[in-house]
Amino acid sequence: MSDERDPTLESLFAAAEEPLEDAQFTSAVTDKVSGRRRRLIAGRLGVLGMILVLEVLLQSPLQQSLGVAADWLGRPIVPLEGEWLSFALSPVNTAAGVLGAVLLAIHLFLRSVLK
Amino acid sequence: MPDAPGYYAQGPEALIVNLAARGDRDAFAELVRRRQPWLRNLMRRLSGDATLADDLAQRVFLKVWQKIRKLRQVDRFAGWIKQIAVNEWIDHRRKQGTVWHQAYEDESQAAPPQTPAAAIDLDAALATLPDPVRTCIVLAYHERLSHPEITELTGLPAGTVKSHIRRGSQKLRDVLEGYGGAS
């Protein structure tokens, strides 16, 4: 079948075309655009404000938690005399060292199993 | 400096589209002014409801404003906005529960008005066709699109589009003849 159209229907469609008044419709669309823009800006400012408030509120507890964790991870498991000896063995004689070794072992084990 | 809306009213569409794509809201308002009669008429033929048609047309323009920055070829604006309009209509009908790829055999979804004396117009006759059929008919007759263009816009298979237009035209003629609208 070709794209030929029924002339009667064509004329009916042409006659149904209405000249629609534009001012009210156009202003309704532009108002919505402006409203959306205002909401977007307000939303962004709100998120920024929340981030600032959270930072102020959590700054101290976060710093404290990180300090405690760093202290715990760096603490020697077996207390050793001598600063140099303690430093040299710290990769295996601290919680961080043991945790790292365990993670490395798991990684190697999984790699060998999954090969 | 000349009055912006008056100045834009005389500009070629490609320039206005370009300015709107750069965030110029006066240029966008001019695009709305120019395109609104066409878009609202298209939506009226598709939906058969003037209020719904205006609501859908507003949604289309809002999408145009959101996406126009991504429009690379300004000379393709007419086809681009038509695609957004058809997608908006299809999405709207899907949300209403229309199965878009339904067969024509589903027959009409709205019964023709019972009183021949009632003011039967084209929209009422179109309302007797299933959604996909009505959409194909409106795109063929209102937009004067070819079958391949309708296939591309609606995502319906080419054979389905042809069948919808052939059988939809016949049904539309029958309904309109019943009320002395087409002879």
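This passage describes a long helix of chain A and a helix pair of chain B in a predicted model.

Chain A is helical. Its secondary structure comes to four helices and zero strands. From the N terminus on, the order of elements is α-α-α-α. Few residues of chain A are buried: they make up 4% of its 115 residues.

Helix α2 of chain A covers residues 23-74 and has 52 residues. From its first C-alpha to its last, α2(A) reaches 72 Å. That span is close to the 76 Å expected at 1.5 Å a residue. The helix also carries a kink of about 50 degrees at A:Leu58. The proline A:Pro61 follows shortly after this kink.

Along its course, α2(A) is hardly covered, with three buried residues among its 52. These buried residues are A:Phe25, A:Thr26 and A:Val29. Their cover includes two helices of chain B, α3 (25-47) and α4 (50-67).

In chain B, α4(B) also meets helix α5 (residues 77-95). The two axes come within 10 Å and cross at roughly 130 degrees. The angle lies between 115 and 145 degrees, so α4(B) and α5(B) are oblique to each other. The crossing of α4(B) past α5(B) is right-handed. On the α4(B) side, the contact involves B:Leu56, B:Arg59, B:Val60, B:Lys63 and B:Val64. On the α5(B) side, these residues meet B:Ile81, B:Ile84, B:Ala85, B:Glu88, B:Trp89 and B:His92. Helix α4(B) thus appears in two settings: in the cover of the buried residues of α2(A), and in the crossing with α5(B).

Terms used
Residues are numbered from 1 along each chain as its sequence is written. Chains are lettered from A and ligands numbered from 1 in the order in which they are written. This is a predicted model: local features need pLDDT of at least 70, side-chain atom pairs count only at pLDDT 80 or more; totals for chains, interfaces and linings use all residues. The expected span of a helix is 1.5 Å times one less than its number of residues. The bend at a residue is the angle between axes fitted to the seven residues ending there and the seven starting there. A residue is buried if 20 or more other C-beta atoms lie within 10 Å of its own, exposed if 12 or fewer, and partly exposed in between; C-beta atoms are placed from the backbone. Two residues are in contact if their C-beta atoms, placed from the backbone, lie within 7 Å. Axes are lines fitted to C-alpha atoms, for helices over the stretch in contact, and angles run from 0 to 180 degrees between N-to-C directions. Angles under 35 degrees count as roughly parallel, over 145 as roughly antiparallel, 65 to 115 as roughly perpendicular and the rest as oblique. A crossing is left-handed if the near helix is turned anticlockwise from the far one by less than a right angle, and right-handed if clockwise.
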